[in-house]
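Here's a quick briefing to keep beside the viewer. Have the sequence open as well, and follow the residue numbers as you read.

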Amino acid sequence: MNTILSESSDNFYFHNVSFGYNKNEDCDELNIFLVEGEYADHDTPKRLAKITFLAPIMWQQMEESYSSFDEYEIRDDGGLIQIIERSRYFDFVNTTYPWYKDIRGKAQHIRVWSQNIVSEVIAKDFPAVVWQYA
């Protein structure tokens, strides 16, 4: 699936990742904010990508340097946001917390990449992505 983050030019880096979680009456929201700069060490952001997951089931983040290629995974290579069809993390969630399907329905594993943080999100729907300019 292509998004506005699928095509990222080589001279831009997303860094300074932050999470925001809002528990609302209507629907919980998980927001991932990626700051885009000209270079990895550039302090002035060009723009901010706000990635919003509605009704997330589970999520985690880790430093990119601790992640590695896993042949078990089936994933698209669609840029900074990837749909993971099969992964050990999704297997863990399905085995440990299977009742989420009764509450939220079918879910998917979505990975959000940045320069130094990998975000793993289990959610029902693909996230909305909007740009906020600096």
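Two helices and nine strands make up the chain. Keep in mind that this is a predicted model. Starting at the N terminus, the order of elements is β-β-β-β-β-β-α-α-β-β-β, so you meet both helices one after the other, with strands on either side.

**The chain overall**

- There are 134 residues in the chain, and 39% of them count as buried.
- If you look at contacts with a separation of 6 or more, 59% of them come from residues 24 or more positions apart.
- The chain exposes about 8000 Å², and 48% of that comes from carbon and sulfur atoms.

**Nonpolar cores**

- The largest nonpolar core has 15 residues, and those touching the most other members are Ile-32, Leu-34, Ile-51, Phe-53, Ile-81, Val-112 and Val-121.
- Which elements give two or more residues to this core? They are β2, β3 (45–54), β6 (81–86), β7, β8 (117–123) and β9 (128–133).
- A second core is separate from that one and has seven residues, among them Phe-90, Val-93, Tyr-100 and Ala-107.

**Salt bridges: the Arg-111 network**

- Searching the whole structure turns up three salt bridges.
- Arg-111 pairs with Glu-73, with 2.7 Å between the closest N and O atoms.
- Glu-73 sits in the loop between β4 (56–63) and β5 (74–75), while Arg-111 is in strand β7 (residues 108–113), so this pair ties together parts 38 residues apart in sequence.
- Arg-111 also forms a salt bridge with Glu-120, and here the closest N and O atoms are 2.8 Å apart.
- Put together, Glu-73, Arg-111 and Glu-120 are linked in a salt-bridge network.
- Are the members of this network buried or exposed? Glu-73 is buried at a relative accessible area of 17%, Arg-111 is buried at 6%, and Glu-120 is buried at 4%.

**Salt bridges: Asp-28 and Arg-104**

- The side chains of Asp-28 and Arg-104 also meet in a salt bridge, at 3.8 Å from N to O.
- Why does this pair tie together parts that are 76 residues apart in sequence? Because Asp-28 lies in the loop between β1 (13–22) and β2 (29–37), whereas Arg-104 belongs to helix α2 (residues 100–104).
- Asp-28 has 9% relative accessibility and counts as buried, but Arg-104 is partly exposed, with a relative accessible area of 26%.
- The cut-off for buried is under 20% relative accessible area, so Asp-28 at 9% makes it and Arg-104 at 26% doesn't.

**A nonpolar patch on the surface**

- Phe-92, Tyr-97, Trp-99 and Ile-103 make a nonpolar surface patch of about 450 Å².
- Where is Tyr-97 found? Look in the loop between α1 (88–96) and α2.
- Tyr-97 counts as partly exposed, at 32% relative accessibility.

**To take away**

- For buried charges, go to Glu-73, Arg-111 and Glu-120, which are linked in a network of salt bridges.
- For nonpolar side chains, look at the 15-residue core, then the separate core of seven residues, and finally the surface patch that includes Trp-99.

Methods
Residues are numbered from 1 along each chain as its sequence is written. This is a predicted model: local features need pLDDT of at least 70, side-chain atom pairs count only at pLDDT 80 or more; totals for chains, interfaces and linings use all residues. Side-chain values use heavy atoms; hydrogens and water are left out. A salt bridge is a side-chain nitrogen of Lys or Arg within 4 Å of a carboxyl oxygen of Asp or Glu. Helices (H or I, at least four residues) and strands (E, at least two) are DSSP runs, numbered from the N terminus. Buried means under 20% relative accessible area, exposed over 50%, partly exposed in between (1.4 Å probe, protein chains only). A nonpolar core is a set of buried Ala, Val, Leu, Ile, Met, Phe, Trp, Tyr and Cys residues joined through side-chain atoms within 4.5 Å. Contact means heavy atoms within 4.5 Å. Accessible areas come from the Shrake-Rupley method with a 1.4 Å probe; for residues, only the protein chains shown count as cover. Patches are made of residues with over 30% relative accessible area and no salt bridge: like charges are joined within 9 Å, nonpolar side chains (Val, Leu, Ile, Met, Phe, Trp, Tyr) within 5 Å.
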